[in-house]
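Grab a viewer and work through these exercises with the coordinates open. Each one has a task, then a solution in steps.

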Amino acid sequence: TAMVDQLRRTGITDFIAKATVGLLFSLLSVNLLQEFLRTGHVTGMLLLASESLVVILTVARRRAMVIDSSAKAATVTVVSLVGPWLFRTGEASALAPDKSQRGRVVLETVIGTRRMRIPVASKIALGRSFGLVPANRGVVVRGPYGFVRHPIYAGYLVTHVAFFFAHPTIWNAAVIIVGDGTLIARALMERVLGRDATYAAYCQRVSWHLVPGVF
């Protein structure tokens, strides 16, 4: 941990995190843009629009007061972070295709836009408190955070499943199982935030992690 702290003080870890996010976003962009130009399907473009906020907020985020520097936190963060960027479009037919190509595009646009509201609104509400590794960058309780503690993760789960239905490949299924499995584990890692009295009081009001009334 001493080496990690030293790297953090010199800004190297922050640079690596931003560079990694930029690289993964570029790779995802190429794949989804090619698929959109080939088919006109908007599912991937909506995912891309949401992920662009990750890049913006990663660059603009404020310095964390406390960071979980444990090996477990690092592992879960890396796996859950890389997962969504590994989604790939394919030739497989959608699990619920529409008979009309035009009708399908319209349906994808309407449903996709509604589906993206949760993660986009949550990222905007989080603002500069956004971060990749579990940390305390200030407790946020506004917007979607008034219903669940981790609305961004909840939105991701819905979005990723919808993406799989549009592109049902074995590769995408594996990405969801591994990536979203660690995403759920990441949502439960509140060791650092749990030390904050403000967050403890917030947890008393909002007890659900991802789905109100369920979990």
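A salt bridge here is a side-chain nitrogen of Lys or Arg within 4 Å of a carboxyl oxygen of Asp or Glu. Keep in mind that you're looking at a predicted model.

**Exercise 1. Salt bridges**

Task: find how many salt bridges the structure holds, and work out which parts of the chain they tie together.

Solution:
- Step 1. Start with the count: there are two salt bridges.
- Step 2. Take Asp-68 and Arg-191, whose side chains meet at 2.6 Å, N to O. Asp-68 sits in the loop between strand E1 (66–67) and H4, while Arg-191 belongs to the loop between H7 and H8, so this bridge ties together parts 123 residues apart in sequence.
- Step 3. Check the burial of both ends. Asp-68 has a relative accessible area of 4%, which makes it buried; Arg-191, at 46%, is partly exposed.
- Step 4. Move on to Glu-190 and Arg-149, with an N to O distance of 2.8 Å in their salt bridge. The loop between H7 and H8 holds Glu-190 and the loop between strand E2 (135–136) and H6 holds Arg-149, so the parts being tied are 41 residues apart in sequence.
- Step 5. Check burial again: Glu-190 and Arg-149 are both buried.

**Exercise 2. The two sides of H8**

Task: which residues of H8 are buried, and why do they end up on the same side?

Solution:
- Step 1. Pick out the buried residues in H8: Tyr-199, Tyr-202 and Cys-203.
- Step 2. Look down the axis. These residues cover an arc of only 100° around it, so they lie on the same side of H8.
- Step 3. Now turn to the other side of H8, where Ala-197, Gln-204 and Arg-205 are exposed.
- Step 4. Finish at the start of the helix: a side-chain oxygen of Asp-196 comes to within 2.7 Å of the backbone nitrogen of Thr-198.

**Exercise 3. Inside the core**

Task: in the largest nonpolar core, which residues touch the most other members?

Solution:
- Step 1. The core has 35 residues, and those touching the most other members are Trp-85, Phe-130, Tyr-145, Ile-152 and Tyr-153.
- Step 2. Ask where the members come from. Elements giving two or more residues to this core include helix H2 (12–39), helix H4 (71–85) and helix H6 (151–166).
- Step 3. Zoom in on Trp-85. Skipping neighbours within four places in sequence, its contacts are Val-21, Leu-24, Phe-25, Leu-28, Glu-51 and Val-54.

**Exercise 4. Aromatic pairs**

Task: count the aromatic pairs and describe the geometry of Phe-87 with Phe-163.

Solution:
- Step 1. The count comes to three aromatic pairs.
- Step 2. Phe-87 and Phe-163 make a tilted pair, 5.1 Å centre to centre with 50° between the planes.
- Step 3. Place the partners: Phe-87 is in the loop between H4 and H5 and Phe-163 in helix H6, 76 residues apart, so to speak a link between distant parts of the chain.
- Step 4. Phe-87 is buried at 1% relative accessibility, and Phe-163 is buried at 2%.

**Exercise 5. Around Val-148**

Task: where is Val-148 found, and what does it touch?

Solution:
- Step 1. Val-148 is in the loop between E2 and H6, and with a relative accessible area of 4% it is buried.
- Step 2. Leaving out residues up to four places away in sequence, Val-148 touches Tyr-202, Val-206, Trp-208, His-209, Leu-210, Val-211 and Pro-212.
- Step 3. For a C-alpha distance, take Val-148 and Gly-213: 9.6 Å, for residues 65 apart along the chain.

Note on methods: Residues are numbered from 1 along each chain as its sequence is written. This is a predicted model: local features need pLDDT of at least 70, side-chain atom pairs count only at pLDDT 80 or more; totals for chains, interfaces and linings use all residues. Side-chain values use heavy atoms; hydrogens and water are left out. A nonpolar core is a set of buried Ala, Val, Leu, Ile, Met, Phe, Trp, Tyr and Cys residues joined through side-chain atoms within 4.5 Å. Buried means under 20% relative accessible area, exposed over 50%, partly exposed in between (1.4 Å probe, protein chains only). Helices (H or I, at least four residues) and strands (E, at least two) are DSSP runs, numbered from the N terminus. Contact means heavy atoms within 4.5 Å. The arc is that of the directions from the helix axis to the C-beta atoms. A polar contact is a pair of N or O atoms within 3.5 Å; within protein, one must be able to donate a hydrogen and the other to accept it, and residues adjacent in sequence count only if both atoms are side-chain atoms. Rings of Phe, Tyr and Trp (its six-membered ring) pair if their centres lie within 6.5 Å; planes under 30 degrees apart count as stacked, over 60 as edge-to-face and the rest as tilted.
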